[in-house]
Amino acid sequence: MTTLATGTHTTAGACPVPTGRAVLLAFELSPAGADPVLAAAHELALLHLAHADTARDLGDADDTLTAAVARTQPHRDRAIARQADLIDDHITRALPGPRSGSLHTETVGALIARLAHRWQYTQEMATLPTRDPRVRDASAALAELARAYDDLIDDVLCGRRYLPRHRQQPIPHREA
């Protein structure tokens, strides 16, 4: 396994898998290339930002508006799950097939969906004063989750872990 300066993990004969840093950058900026993982990661970030904007705008909204927004949530959850599935489809092709080591409990798509949600929460916290401990905690949690993603990819490439083939349950939007 080699981690390139371009932000990908690669193995001989395998498609590249983006690093955690590349995924975090894709949340901010629409990826220029045709990497399906980064494109889906960007869409996940947009979906989480849209949910946060909608929830924030509700404020003192009446019951009719609140109910209308609640009806859109299952649609957004399905869109998040679709993006996670696109990531998983690519990862299944990109990472080695032998199932050695220990089974990891979630797919890479589910992990990136969680990472996108944590990134969105970190964006909200960034509006607070920099001395607020929640800002530091949110940033540390985001960095830790990005490192966990990199560690998982490295473990799969080295044969210490293998990934489930299918997501075990829907990926709902969770509050941070």
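The chain of this predicted model contains 5 helices and 5 strands, and when these elements are read along the sequence they follow the pattern β-β-β-α-α-α-β-α-α-β. In that pattern three strands are followed by three helices, after which come a strand, two helices and a final strand.

Turning from the order of the elements to the chain as a whole, one finds that buried residues make up 41% of its 176 residues. The accessible surface of the chain comes to about 9,800 Å², and carbon and sulfur atoms account for 54% of that surface. If one considers the contacts between residues at least 6 apart in sequence, 66% of them join residues that are at least 24 apart.

One pair of helices can be followed in detail. Two packed helices are described by the angle between their axes and the distance between the axes. Helix 1, which covers residues 20–28, packs with helix 4, which covers residues 108–125, at an angle of about 55°, and their axes lie 11 Å apart. Because of this angle, helix 1 is oblique to helix 4, and helix 1 passes helix 4 in a right-handed crossing.

Which residues meet where helix 1 and helix 4 come into contact? From helix 1 the residues are Val23, Leu24, Phe27 and Glu28, and in helix 4 they meet Ile112, Leu115, Ala116, Trp119 and Gln123. Sorted by the character of their side chains, the residues of this contact divide into 7 nonpolar, 1 polar and 1 charged, where Glu28 counts as the charged residue and Gln123 as the polar one.

Definitions and conventions. Residues numbered from 1 in each chain as written. Predicted model: local features only at pLDDT ≥ 70, side-chain atom pairs only at ≥ 80, totals over all residues. Heavy atoms only, no water. Helix = DSSP H or I, 4+ residues; strand = E, 2+ residues; numbered from the N terminus. Buried < 20%, exposed > 50% of the residue type's maximum accessible area, 1.4 Å probe, protein only. Contact = heavy atoms within 4.5 Å. Areas by Shrake-Rupley, 256 points an atom, 1.4 Å probe, with all protein chains shown as cover. Axes fitted to C-alpha atoms, helices over the stretch in contact; angles between N-to-C directions. Parallel < 35°, antiparallel > 145°, perpendicular 65-115°, else oblique. Left-handed = near helix turned anticlockwise from the far one by under 90°.
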